[in-house]
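Please read this briefing with the sequence and the coordinates open side by side. The points below are grouped by topic and can be followed one group at a time.

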Amino acid sequence: MMNEIKSMPAPLILPDSVEITEVGPRDGLQNLGLFIPTEKKIQFIGLVKETGIRHIDITAFVSPKWVPQMRDAAEIVAAFPGEEICYKVLVPNRKGLELAISAGVKEAVAVIGSSEAHNKNNVNLTVAESLAELVLMAAMAKDAGIIIRANIATAFGCDIEGRAPCQRVLGISQELAAAGYAGITLCDTTGVGDPKLTYELCSEVLTKVKNAQIGVHFHQCRGFEFANIYAALLAGVKMFDSACGGLGGCPFAPGASGNIATELLVQFFSKLGISTGVDAARINDCGKFAAQLQKDFYLHAV
């Protein structure tokens, strides 16, 4: 006879609801080989808007020389005035932020890498130089009356330098929060994360960074991506990036895979009893639309 069970393990604590940021129109499309017509991008964003998602990355104010897919950024912003939805744009430096402010954005997202190699490839700066730039950008955003957030790329490591030390990522997060960043997203840019690392890093940052919202951004990761999402949930994360159709990649991180598909992420949270506020049928349609864009304009090999 089996021994009597004298006690039950403590129940796992999961949030009742989470926020999803759709990054397909920006992060998802930046790697496609042919320029996607502006009207197609506007159509994509409009479809996402109807799903119930309240946070959408719509474009990036970056050099068209390096990321030609985003050369119509001002036109995209003009098509989507603030309204009730949080439309975000990526800005890699002060010049990008100046252009975004001039275009009338309400929210911008800066970027810094925890990996020296990736950061140099991405913005041609050392991590320390990027951090100094982002502090100045926070002051600019405050003066302009807009919200600014930050993505920490390669927060879980990269293929060149390996695993990122938690204390380095924590230090960057603390400095950004102190500078006035409203949110910080930990990004697994090259899909090297694992559930143990995810739980440890997210727990550490959430425990010690109290004045900024903490989110995560996972790419497809050898089948680990949803285990990483679950680990982040257990650590207390409530903000998640994804891209319809699994679009994505990084032109400055060779080997970077696509993002987690938003339609699959919505299903995943639903199975856990976690509300996203997203219409499942409509987000599935967005996934099909994104897949067709990918088919029509093909992925550029990097």
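A residue is called buried here if its relative accessible area is under 20%, and exposed if that area is over 50%, with partly exposed in between. By that cut-off, Glu 225, Asn 228, Ile 229, Ala 231, Ala 232, Leu 233 and Ala 235 of helix α9 are buried. The model is a predicted one, and its eight strands form a closed barrel in the order β1-β2-β3-β4-β5-β6-β7-β8 with parallel pairing. Neighbouring strands of this sheet are turned against each other by 30° on average, direction ignored.

**Strand pairing in the barrel**

- Strands β4 and β5 run parallel and are joined by seven bridges, and one pair to look for is Ala 110 with its bridge partner Ala 150 in β5.
- Strands β5 and β6 also pair in the parallel sense, over three bridges, and here Ala 150 stands opposite Ile 184 in β6. Between these two strands the chain passes through helix α7 (residues 166-179), and the resulting β-α-β crossover is right-handed.
- Strand β6 (residues 183-188) pairs with strand β7 (residues 213-218) in the parallel sense over six bridges, with Val 216 of β7 as the bridge partner of Leu 186.
- Six of the seven residues of β5 are buried, so this strand is largely enclosed by the rest of the structure.

**Helix α5 and the loops on either side of the β5 region**

- Helix α5 (residues 116-123) lies across β4 (107-113) and β5 (147-153), and runs at about 130° to β4.
- Asn 121 belongs to helix α5 and counts as partly exposed because its relative accessibility is 42%. The C-alpha atoms of Asn 121 and Cys 187 are 16 Å apart in space, with the two positions 66 residues apart in sequence numbering.
- Most residues other than glycine have a negative phi. Asn 124, in the loop between α5 and α6 (127-144), has a positive phi near 60°, and its relative accessibility of 54% makes it exposed.
- Thr 154, in the loop between β5 and α7, likewise has a positive phi, near 50°, but this residue is buried, at 0% relative accessibility.

**Helices α9, α10 and α11**

- The buried residues of α9 are covered by elements that include β6, α8 (195-208), β7, β8 and α10. Just after α9, Gly 236 takes a positive phi of about 115°.
- In helix α10, the buried residues are Thr 262, Glu 263, Leu 265, Val 266, Phe 268 and Phe 269, and the buried residues of this helix pack against β1 (19-22), α9 (225-235), β8 and α11.
- The axes of α10 (residues 262-271) and α11 (residues 280-297) come within 8 Å and cross at roughly 155°. Since angles over 145 degrees count as roughly antiparallel, α10 is roughly antiparallel to α11.
- On the α10 side this contact is made by Thr 262, Glu 263, Val 266 and Gln 267, and on the α11 side by Ile 283, Asn 284 and Gly 287. By residue class, the contact divides into two nonpolar, four polar and one charged.
- Helix α10 is followed by Gly 273, whose phi is positive and near 75°.

**Two buried positions and their surroundings**

- Ser 242 is found in strand β8 (residues 239-242) and is buried, with a relative accessible area of 0%. Not counting residues up to four places away in sequence, Ser 242 touches Ile 20, Thr 21, Glu 22, Val 23, Gly 24, Ile 260, Ala 261, Thr 262 and Leu 265; of these, Thr 262 and Leu 265 are themselves among the buried residues of α10.
- Ile 36 is found in the loop between α1 (24-28) and α2 (38-49), where its relative accessibility of 0% makes it count as buried.
- Leaving aside neighbours within four places in sequence, Ile 36 is in contact with Leu 29, Lys 41, Gln 69, Asp 72, Leu 293 and Phe 297. The C-alpha atoms of Ile 36 and Phe 297 are separated by 7.1 Å, although these residues are 261 residues apart along the chain.

Note on methods: Residues numbered from 1 in each chain as written. Predicted model: local features only at pLDDT ≥ 70, side-chain atom pairs only at ≥ 80, totals over all residues. Heavy atoms only, no water. Pairing = 2+ DSSP bridges. Helix = DSSP H or I, 4+ residues; strand = E, 2+ residues; numbered from the N terminus. Axes fitted to C-alpha atoms, helices over the stretch in contact; angles between N-to-C directions. Contact = heavy atoms within 4.5 Å. Buried < 20%, exposed > 50% of the residue type's maximum accessible area, 1.4 Å probe, protein only. Right-handed = clockwise from strand over helix to strand, strands pointing away. Parallel < 35°, antiparallel > 145°, perpendicular 65-115°, else oblique. Nonpolar A, V, L, I, M, F, W, Y, C, P; charged D, E, K, R; others polar.
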